[in-house]
Structure formats: C-alpha cells, structure tokens
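Q: I would like to go through this model with you, starting with how the chains meet. Could you take me through it?

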Protein chains: 2
Amino acid sequence: MGRIFAFEDIHIAAFASVAGREEALGPLGGRFDFHDTENTFGAKTWEQAEAEAVGMALAFAMKKWKSSQAPEVLFAGDLQNQCMASATGLLSFGIPYFGLYGACSTMTEGLLLASIALASGGVTSAAAASSSHNAAAERQFRLPLEYGGQRPPTAQWTATAAGAYILEKGGTGVRITHGMAGKMVDGGITDPANMGAAMAPAAADSILTFFRETGTRAADYDAIVTGDLGEEGSVLLSVLCEKEGVRLQRHRDCGCLLYDRERQDAHAGASGCGCSAAVLAAHFLPKLLCGEMKKILFLSTGAMMSPQSTQQGGDIYGIAPCILLEA
Amino acid sequence: MGRIFAFEDIHIAAFASVAGREEALGPLGGRFDFHDTENTFGAKTWEQAEAEAVGMALAFAMKKWKSSQAPEVLFAGDLQNQCMASATGLLSFGIPYFGLYGACSTMTEGLLLASIALASGGVTSAAAASSSHNAAAERQFRLPLEYGGQRPPTAQWTATAAGAYILEKGGTGVRITHGMAGKMVDGGITDPANMGAAMAPAAADSILTFFRETGTRAADYDAIVTGDLGEEGSVLLSVLCEKEGVRLQRHRDCGCLLYDRERQDAHAGASGCGCSAAVLAAHFLPKLLCGEMKKILFLSTGAMMSPQSTQQGGDIYGIAPCILLEA
C-alpha cells in the first residue's frame, strides 16, 4: 500500500486562531480571532500564558462550530517540555485526549490524525490544536528573553500563537481529502539557530513523495504551504526540489507570512507550532472558503531536537507530515 | 456516538521487549528479548542508551514479524524532553512517523492510534513503541542518580525498558478488539514523588467508563491491567472504584510486577513509559497466546507534568487510554 491516506467527506467545520503582540503587528494582524498585546493572556507565567492561548483557540473554534456537543476526541501538542501547554490549557474541556509531539509539525500531525480517526468510523467529530509562545520557548530552548542574547541571521522568531480546528465527517467547509505521515530526515544540521536548514530536507522529501504517489506536480496546486522553514529554509527547499527536477511554483511558507520582513526584526521569519497553526486559520482557510484558492498542499515542518540532544552533539532531524486541503 | 472504538480483525503480529539491569533481576527477568546489565545499550549517554533500547525493541519485533516490508507507519513517544529517545532511536528505520506524548500512557496511546490507523483502511500494518530509562529520567525530572537523593516511600522507580509492537489488519495473534482514549483527570496532586496518586483517578475514570459503555463488569475480564500505578496508586484505584460500587477483581499493575518487592528497593514499584511497554510484551501477551488468559483490559497510565509545571505550583493530571486484548 502507498504512503497516502485518502479521506472521504471529511470537513474542517470550524477553526480559530489566537496570537500575541508581534503577530498582531504583522501583515495578518487583523485576521486572528483574538490577540493579546501583553502576550500574557491573563496568566502569571509564560508557560501558563501559552496554555491560556491554546484553550482560547479551542473555545473560539467550538463557539463557531455551534454544536451542543463537544468534539469526541482531541489531538494536541506543543513545544514545552512534556507538552504542558496543551495539557494545562485543554484539561478543562474534558475531551478524550491524544497528546502529540511532532515539534513544529504538530498542527498538521494533529489534523492528519483527526482525519484518520474520522475515517476509522470510531468518531464523527474530532478536534486538533497546537500552540507556541515566544517567551516560554526561548527560555526553554535558548536563553530567557531578559538576557537579550544576540541572534544569528538564520534564527527564527518563535511565534506566540495558537490554532484550533474541529473536523467532521459530513457537513460543509474545506475538505481534507488526502494526508501523508512524515518521515524523519537527518540532514546533518546541529545548529539550533538554523532550524530552516534542518527542516528543509524533510519538507522536500514529503512534497516530492506526495507528488510521486499521487501523480501530481506543483502546477496542480494553488499553493504548496510549508509551516516554518523561514527565509533560509524556503530557499533550501527550492534548491533541494530543483535538484530533483521539480520547480516549486507557488510555494508559500507560514514562517515568512507572519511578520513584516522590513518592519519587524524577526530575522529568518517565524517558527513554532503556533505559526502554521495560526496562519492556516487566519490566512489560507479563508482563501479556500472564499474561492480564491481551490487546492492547497499543506505541510507543517518540525525539527526534532532538545537542548540536551544538541549539547550531546546530536543532529536535528526534520519531519513534515502533509494534508491536502480542497475547497 | 459513544467513547469506544470497536476494531475488526486487528492483530498484534509481533512484539518485543528490552530491559535494563534492575528489570532483569526482577521476577520477569528471563522473559525480555534482551537485557543489558550496564544499562548503556552500547551508547555514551543515558539519553542515547534509551534511544538504543527502543530501536532494539523495534528491530526485534520486526525480526519476529518476518515480513520483507517495514510497518507502514510508526507511533512512538517517551519521557525525554521533546521525546528525543524515540526520534533518535527510531530515525534509522525510515518509517513514516507519528510522535506522541502521553507521559507513561504512551504505549497504550500508540497501540490505540495504530489500531485506529488500521481501521481507517489507510494502512495494513502499523507499529508502536515506547521506552524509558531510569538514569535519563531521574536526572531530567528529579536529580542525577549520582546525588544519591533520598526517595519517599510513595516514589516509584523509572523502568529502564522498552517495548515495540507490530499490528496488522488480518493475520493471526492476539486481537485488539476495542479501545478508548483517556480523559485528563486532575486529582489535585502536586507531589512529583507520588505519581500513583496523580494517575489513579484517571485509571478509575477510564475503567468505570469502559465498563459502562460496553455493559461489562470486572468479572468479565481475566485481568484488568494498569500501567504504573505502583503500590500506592493501586490501592487508591481500588478505593475509587469501590466508592462507585465496583469491586476491581483481578486487577494487576505492571508497576507492581516488574521488581521484587522484598529483594529490590523500588519503593512503590516501577514507572515510566517502558514499564507497561515491556510488561505487556514479556508477561501478558504470552499469557494470552498460551490460552492462560482470554481477555485483558489494558491501560497504560500517564502523569502529565514537567519539572517547571511543578515548580510553578501546577497540578499533575492523570490520563489512562485503554485497549481490550482478546486471545
């Protein structure tokens, strides 16, 4: 059997995004369901702020869904150690829970697994959510923001953002028609300030495999969207695809869309689970719903590493699960 | 729709377990596919040792499976920050990968999601694996072993162990006939040296819900097996069930089976993702295969917390997904 999951009649029934200050100042500023200029979301710590954000995203999505019931299962994960933002922020919903860890690929991993759960016939509704918080991620993976450490040009800015989605069997909305799990790819990168380079080989592997298995090419899609390759990773992706004879037309990267390159000092662009989670909801799904786009191949991109694996000299592996979204 | 996933014709086609020194000295000592008395599995760090262990478990399972192909998807996760044991140990297999984080419930979460993936029709084979390592976990969650910190009687001993399973649609072997995702339950416990108390309410919730939704009772099962409640959590589970009028006959806990209570100083018993992952393969599946048992309700139990969430005063949430195993 091939690598592709094919889905029938699975729709994104509702979705929502929540963001922080920098994200609200960027080009997508007006399109989030909520933003907090303090980045605290009413909580006392950055970690709890992220938990609040993902909880708000799911609450908004459920409000738009207009069902008297809750989704039957929930897939979620984040970057915090032991994925505590998702656990803390989503506990109070009381929805049967599958915790995920796919680094910054978690949003697509969750949407794909929610689609698989619906396709299994075991549930008729499923939710997926993911988040990241700049201040929580920076002090965990690098240094607390207060240190004011200098960042190299390849570094990305972890987004303070969250997204939540409710999928249904039947109904209306954008359809998820196909999906594919990512393979971990080790490109030999060990620099945690160059995630784009670590993830680009996995994105290329997934895109080229998806094309091959479905007999399609770049021109068949209105957009091929990656999660958070950033400026550096996006260039590398295009080089890697061209090496295989594929010209990647209409590639967009959520990490390059979230901040204004000129006005905002985000270096190589945005990253974090919340980046693709929020940009899909704030930017791409509305384009599919209004008919401006009809078919998007969507991949969140993850970098599998921990501060300790880096200290021990380990490589950073990329992974890029994908879903095909159709209007 | 109810909480239960019902599966047809899904079998555990192959399985394997790997363990460390203490586990090999315990009552199940002779039943692991491999054990390493040095706990290093040939690696230079404890973190990489765990990665080697989970890789070995999957390699053994694949060898027993005797297929020329690899499983089509792989579900895995562990306790290390950013789940690096699974990522590092399983990278070289090149199998499309879903990273999970369910704390010590990850083994059952993975088996359940592998069953759901098979039920969706998208794949005909799927693998699940999980692991833990005493020295890696202790220095991450508490203190490095070299400190010799004293442990309270409710503390459990994180198992150095791994398990891997290959599931197929069709074929032969023990069947997974039903499954249910866990709900996170907050019992108000904040003591990271009393995980049993944090997880017992979630285990009770899952067992009582499973009984209610399937119209069954404890006497209908040859065993009701929890992952790593340990001595403390097992007593609490029985109290919580009795409060709801359910007498939990034939309850077994993997955490109470892995070490010898008298001879080995493991305090309240074993814990860690690797505990239920290895004990299912080394102890319970053989009992189902030889006909000694026919029907086991199996729940791994997870405690959702991080050192930081504990330092910030957060509660530890329990979660307990379950699967029904039938000979």
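A: In this predicted model, 59 residues of chain A are in contact with 59 residues of chain B, where contact means heavy atoms within 4.5 Å. Residues are numbered from 1 along each chain as its sequence is written, and chains are lettered from A and ligands numbered from 1 in the order in which they are written. Local features need pLDDT of at least 70, side-chain atom pairs count only at pLDDT 80 or more, and totals for chains, interfaces and linings use all residues, while side-chain values use heavy atoms, with hydrogens and water left out.

Q: Which residues of chain A lose the most area to chain B?

A: They are A:Gln82, A:Phe98 and A:Met184, which together give 16% of what that side buries.

Q: And what is the area buried between the two chains?

A: About 4600 Å² is buried between chain A and chain B, and carbon and sulfur atoms give 66% of that area. Buried area here is the accessible area (1.4 Å probe) that two parts lose on being put together, summed over both.

Q: How many residue pairs are in polar contact there?

A: Between chain A and chain B there are 20 residue pairs in polar contact, both residues at pLDDT 80 or more. A polar contact is a pair of N or O atoms within 3.5 Å; within protein, one must be able to donate a hydrogen and the other to accept it, and residues adjacent in sequence count only if both atoms are side-chain atoms.

Q: Which elements are involved on the chain A side?

A: Those giving two or more residues to the side that touches chain B include α2 (46-65), α3 (84-90), β5 (97-99) and α4 (106-119) of chain A. The most comes from α4(A), with six residues. Helices (H or I, at least four residues) and strands (E, at least two) are DSSP runs, numbered from the N terminus.

Q: What about salt bridges across the interface, how many are there?

A: The rule finds zero salt bridges across the interface of chain A and chain B. A salt bridge is a side-chain nitrogen of Lys or Arg within 4 Å of a carboxyl oxygen of Asp or Glu. Over all chains, the whole structure has 12 salt bridges.

Q: What does A:Lys64 pair with?

A: The side chain of A:Lys64 meets that of A:Asp33 in a salt bridge (2.6 Å, N to O). A:Lys64 lies in helix α2 of chain A and A:Asp33 in the loop between α1 (21-25) and β3 (34-35), so the pair ties together parts that are 31 residues apart in sequence.

Q: Are those two buried or exposed?

A: A:Lys64 is partly exposed at 39% relative accessibility, and A:Asp33 is partly exposed at 31%. Buried means under 20% relative accessible area, exposed over 50%, and partly exposed in between (1.4 Å probe, protein chains only).

Q: Moving to chain B, what joins B:Glu231 and B:Arg261?

A: Their side chains meet in a salt bridge (3.3 Å, N to O). The pair links distant parts of the chain, with B:Glu231 in helix α7 (residues 230-243) and B:Arg261 in the loop between α8 (254-257) and β13 (270-271), 30 residues apart. B:Glu231 is partly exposed at 21% relative accessibility, whereas B:Arg261 is exposed at 60%.

Q: Last topic: why do the copies meet through the same surface?

A: They do so because 100% of the interface residues of chain A are also interface residues in chain B.
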